[in-house]
Structures are given as C-alpha cells and as structure tokens.
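Work through the exercises below with the sequence and the coordinates open. Each task is followed by a solution in steps.

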Amino acid sequence: MKKLIIKKERNLLLFSHVINDYPLLKKRLEKHTTIDEQILKKEKATVEEYNIYRMRNDIVTQAKNEWEIDTSRSVDILPDDKKVRCEVCGMPIKNVFYIKNSINQNSLRTGSECIKHFAITDKQHLDSLLKNAKRLKRREAIEHIFPGIDLRIYQWKNFIDDQPIIIKDTLSKQYYTLGETLSSIYSSYLKHENNSDKESEDQIREILSEADELISEITKYIKKHKNNVLYPPSRIFRSMEPQSVALLKQDGYITPRTLFRIRDDEVAQKIFEKYDAFFKTNKITILNVSPKNGVEYRIKRQANIILKAPYGVFCKKYGAEILRVNDIETIASERDLVSVGKVVEYRSLESLIYIMQDLYLKESPYAIEELYYEYNEVYFLVNNGLSREYLKVELPGLEVIARETVYFKGTENKKKIHVFLDECRKKPGSVTSRADYLFMKEQREANSRRSGF
Ligand SMILES: [Zn+2]
C-alpha cells in the first residue's frame with residue numbers, strides 16, 4: 001500500500017507551525033503514525049481532505065523550511081551503549097543534533113539521517129558540526145590528562161613576547177619548535193588521526209617536560225640580563241624594520257650593527273648614559289638622544305654651539321666606539337664629529353656665524369647685518385668704499401662653510417669664505433640697496449609682530 005505520509009514526515013509535521021493551517025490533517029496524524037489510501041477510504045475521508053493529501057508534498061516542504069539547526073546547542077556524541085531515539089524517525093542515534101522551529105520555537109533531537117532527508121542544513125555544515133563535536137569530545141579526554149593544555153598551546157608564543165627583555169634566537173627558536181611539535185601532535189589527537197592515544201600522551205608529556213626545562217633556562221637568562229641596557233624589552237621591535245628585528249633577535253642584545261637601527265628614545269638614552277666613555281674621551285657632551293629627533297651634542301672647543309646629527313647616521317658611524325666592542329679607547333677625528341652633525345638651532349647658528357666673522361672677516365668688506373632664522377637667510381652689509389649695499393646669503397650653505405672653518409683653523413679658511421661670499425654676490429637678486437633692505441627689514445619685523453614673535 002502506497003504511503004501518503006511516512007512516519008518521519010508525520011512527526012515533523014506535528015511539531016511544525018504549518019500543521020495549524022490544516023486541522024483535518026492534524027487530527028488524522030494524531031490518530032495514525034503513517035497515512036495511506038486505505039485508511040482514508042476506510043475512514044471515509046471527505047473531498048476536502050483528499051485535496052489536502054494531493055498537496056501533501058508542498059505542506060511537508062513548508063514544514064521542513066521552518067526548521068534549522070539549533071546552533072546554541074552542540075552536537076552530543078554518545079557511546080554505543082547509550083544511544084537515544086531520534087524524535088523524528090524513531091531510530092536509535094549516537095550523534096545527536098538539535099533542530100529548532102523558527103516559528104513556534106519547538107525543539108527536537110534528531111540524527112544526521114533525518115537532517116539530510118529533510119535537507120535542514122547542507123552536508124558541509126553537518127559534517128563540520130559533527131567534526132567539531134568530535135574534536136570537543138577528544139579535547140575533553142586530553143584535558144583530563146593535561147589540564148589547560150589547549151590554552152597553553154594557544155598562548156605558547158606569548159611566553160617569549162611577555163618577557164621583560166628580548167630573548168635571543170637560539171633560546172626562543174627551541175621554544176617555538178617545541179610548541180609547533182606539540183601543537184601538531186595535539187591537533188592530530190583531536191582529529192583522531194594519531195596512531196595511538198597512549199603514544200600521543202607520552203609524546204605530549206615529554207614535550208611539556210622539555211618545555212619546562214627550557215623555561216627555567218630562559219628565566220635564568222632573563223635574571224642575568226634584565227638590568228643590562230643592551231638587552232631591551234621586546235616592545236622596541238614594533239617600531240623597527242623587520243630586517244633589523246631579525247638581526248637583533250639573532251644577536252640577542254644591541255650591538256654596533258643594531259644600535260643605529262633602534263627607534264626607541266628611552267632605550268637609546270639609557271645606552272648613551274651607560275656607555276659614555278667614548279664621549280668623555282673625546283670631550284663630547286651629549287645633550288639629547290632620540291632616534292626620532294636626532295643626537296644633539298657639543299664639542300668642547302665650541303661649547304656654545306650645538307650640533308645635531310640624525311640618530312642613525314651618528315650611531316652607524318660611532319656604534320662600535322660607543323659600545324666599546326674591542327674595549328679600546330678611540331679618539332674620534334673632530335672633523336668627522338663635526339661633519340656628521342649640523343648646526344640647526346637659532347642660538348648656535350648665531351654663535352657659529354659670529355665666531356666665523358671674528359676669525360676671518362675682520363678686515364673685509366663683509367659684515368653680518370642680520371640673521372633671519374625663520375627665512376633661512378643671513379644679510380651681510382657690503383662696504384665697497386663708495387656705497388653700501390646688502391648681500392643676501394642662504395643660511396644652509398653658510399652653515400656648512402662656517403662649521404668647517406670655525407672648527408678647523410686653516411690658512412685657506414679666510415680665502416674660502418671670501419670666495420664663497422663673492423660667489424653669492426654674483427647671483428642675480430642677491431644684492432639690494434640700502435633703501436630696499438630697510439624696507440624689507442621693516443616688513444619682516446611687522447610680520448613677526450603680527451605672528452607674535
Ligand atoms: Zn531520524
């Protein structure tokens with residue numbers, strides 16, 4: 001006898017919302033577990049009821065569309081001797097899924113066969129739910145033996161990152177390798193892809209004990225070096241180039257090849273404070289150290305002039321001397337020391353050019369009239385006997401020649417400066433009359449007053 005409605009359809013229909021639209025169907029389903037034509041004939045079904053059975057497939061489709069996997073509940077995986085019955089088809093099941101009706105909130109426990117039959121979710125989703133549930137079950141078993149193992153593997157790398165100083169590659173790589181091996185054994189255990197659970201457990205135990213040994217070694221390493229300024233905290237990696245980070249990890253501490261690569265003010269300052277022998281020997285006063293803003297320093301011979309060098313340039317040049325790698329006292333050439341930096345600050349520039357004037361321009365037609373720091377210009381009064389004119393000189397060029405000649409006395413210096421100024425004079429637009437100069441000066445002063453200088 002051909003079944004019109006089979007048992008699992010009946011059960012699902014009775015828990016679905018759509019059944020309320022078909023009271024005749026509901027009444028009959030409550031009476032029988034399956035419906036066939038014989039029952040309808042015997043119980044004298046009306047034409048109206050027959051019409052309902054003609055559209056039964058659509059009603060079942062409507063019903064199954066009301067259902068979805070209940071994602072708030074995980075899949076239960078039961079042992080073979082503890083199977084339960086599927087509330088849809090009545091068969092014993094060991095992988096128990098929960099489905100939920102999205103209209104009337106009814107809930108049913110069911111097996112993968114019924115879910116596939118009614119296409120409540122696709123196979124892929126079903127498989128992944130089952131896989132996760134199995135993993136979870138396996139995890140429960142292994143957590144029982146090694147409490148907290150999942151979290152420990154998940155946070156494995158943090159141990160190195162959380163230390164107060166950077167850990168050299170030779171130690172950290174060992175530690176990471178152990179973590180990777182552990183993670184792969186653990187993961188095949190969870191997926192049940194291991195040879196034997198006993199073997200996996202032994203391997204895990206061994207790795208954990210190796211890791212504990214390594215951790216105590218790392219702890220000793222930290223204790224030994226944590227107060228050494230050359231062993232910086234790992235936060236400094238964040239501002240460094242990846243290649244520089246790799247070098248620093250390789251060395252384990254700051255060396256001449258990484259000193260100029262660091263970008264952390266605090267670390268750089270501490271190193272300059274601690275390693276000051278080179279500066280003392282060479283009578284250099286360090287005023288400020290900042291990888292971002294540069295190194296500001298004074299050389300004793302010109303104590304009122306501050307030189308400023310880019311941090312990277314300065315440390316690339318003097319890294320080995322500062323860190324005293326060979327423990328040899330180094331006398332730096334003053335010419336080098338002066339040439340890595342520039343005079344940039346207003347007072348220092350002013351000192352620099354007036355010293356230059358005192359040294360080399362005394363009996364010359366050139367006299368400094370005014371330093372226009374904001375305009376990057378210096379005006380010279382040029383006395384050529386008959387008239388007075390004013391010469392505009394760009395500050396950067398003048399700074400270079402002034403720095404060279406002030407720090408290094410030489411017979412050529414005087415000539416050098418005169419040649420330089422004579423050349424400036426030849427540039428179009430660089431010479432102005434007294435009237436024009438005074439006009440410009442007035443304008444600039446008015447501007448300064450307006451902008452609050
Ligand atoms: Zn079933």
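The exercises that follow concern a predicted model.

**Exercise 1. Overall form**

Task: Determine how many helices and strands the chain has, and compare its radius of gyration with the globule rule.

Solution. Step 1: the chain contains 21 helices and 16 strands. Step 2: for 453 residues the globule rule gives 22 Å, whereas the radius of gyration is 43 Å, well over that value, so the chain is more spread out than a compact globule. Step 3: the C-alpha trace spans about 140 × 60 × 30 Å along its principal axes. Step 4: of the 453 residues, 21% are buried. Step 5: take the contacts between residues at least 6 apart in sequence; 58% of these join residues at least 24 apart.

**Exercise 2. Domains and one contact**

Task: List the domains, then describe the contact of domain 3 with domain 4.

Solution. Step 1: the domain assignment divides the chain into domain 1 (3-132), domain 2 (149-225), domain 3 (237-343) and domain 4 (347-450). Step 2: the centres of domain 3 and domain 4, taken over C-alpha atoms, are 33 Å apart. Step 3: domain 3 gives ten residues to the contact and domain 4 gives nine residues. Step 4: on the side of domain 3, helix H17 (334-340) and E12 each supply at least two residues, and the largest share, three residues, comes from H17. Step 5: sorted by class, this side of domain 3 has four nonpolar, two polar and four charged residues.

**Exercise 3. Nonpolar cores**

Task: Find which residues of the largest nonpolar core touch the most other members, and which domains the core draws on.

Solution. Step 1: the largest nonpolar core has 47 residues, and Leu259, Ala268, Leu307, Leu352, Ile353 and Met356 touch the most other members. Step 2: helix H16 (residues 311-323) contributes the largest share of this core, six residues. Step 3: domain 3 (237-343) and domain 4 (347-450) each provide at least three residues of this core. Step 4: a second, separate core has 19 residues, including Leu12, Ile93, Ile99 and Phe118. Step 5: return to alanine 268; leaving out residues up to four places away in sequence, alanine 268 touches Ile262, Val289, Ser290, Pro291 and Tyr311.

**Exercise 4. Helix H1**

Task: Explain why helix H1 (residues 7-14) is described as largely enclosed.

Solution. Step 1: the buried residues in H1 are Lys8, Glu9, Arg10, Asn11, Leu12 and Leu13. Step 2: six of the eight residues of H1 are therefore buried, and the helix is largely enclosed by the rest of the structure. Step 3: the packing partners of these buried residues are strand E1 (3-5), helix H2 (23-31), helix H5 (56-65) and helix H6 (112-117).

**Exercise 5. Strand pairing**

Task: Give the strand order of the open sheet of four strands, then examine the pairing of E13 with E14.

Solution. Step 1: the order is E9-E10-E11-E12, with antiparallel pairing. Step 2: strand E9 (284-290) and strand E12 (342-343) are the edge strands, each pairing on one side only. Step 3: six bridges link E9 to strand E10 (residues 294-299) in the antiparallel sense, with isoleucine 284 opposite isoleucine 299 in E10. Step 4: strand E13 (residues 366-372) and strand E14 (residues 377-383) run antiparallel and are joined by six bridges; alanine 367 stands opposite leucine 381 in E14. Step 5: the hairpin of E13 and E14 has four residues between the strands, and asparagine 376 takes a positive phi near 60°.

Methods
Residues are numbered from 1 along each chain as its sequence is written. This is a predicted model: local features need pLDDT of at least 70, side-chain atom pairs count only at pLDDT 80 or more; totals for chains, interfaces and linings use all residues. A residue is buried if 20 or more other C-beta atoms lie within 10 Å of its own, exposed if 12 or fewer, and partly exposed in between; C-beta atoms are placed from the backbone. Two residues are in contact if their C-beta atoms, placed from the backbone, lie within 7 Å. Two strands pair if DSSP finds at least two bridges between them. The radius of gyration is taken over C-alpha atoms; the globule rule is 2.2 Å times the number of residues to the power 0.38. A nonpolar core is a set of buried Ala, Val, Leu, Ile, Met, Phe, Trp, Tyr and Cys residues joined through C-beta atoms within 7 Å. Domain bounds come from an automatic or database domain assignment. Ala, Val, Leu, Ile, Met, Phe, Trp, Tyr, Cys and Pro count as nonpolar, Asp, Glu, Lys and Arg as charged, and the others, Gly among them, as polar.
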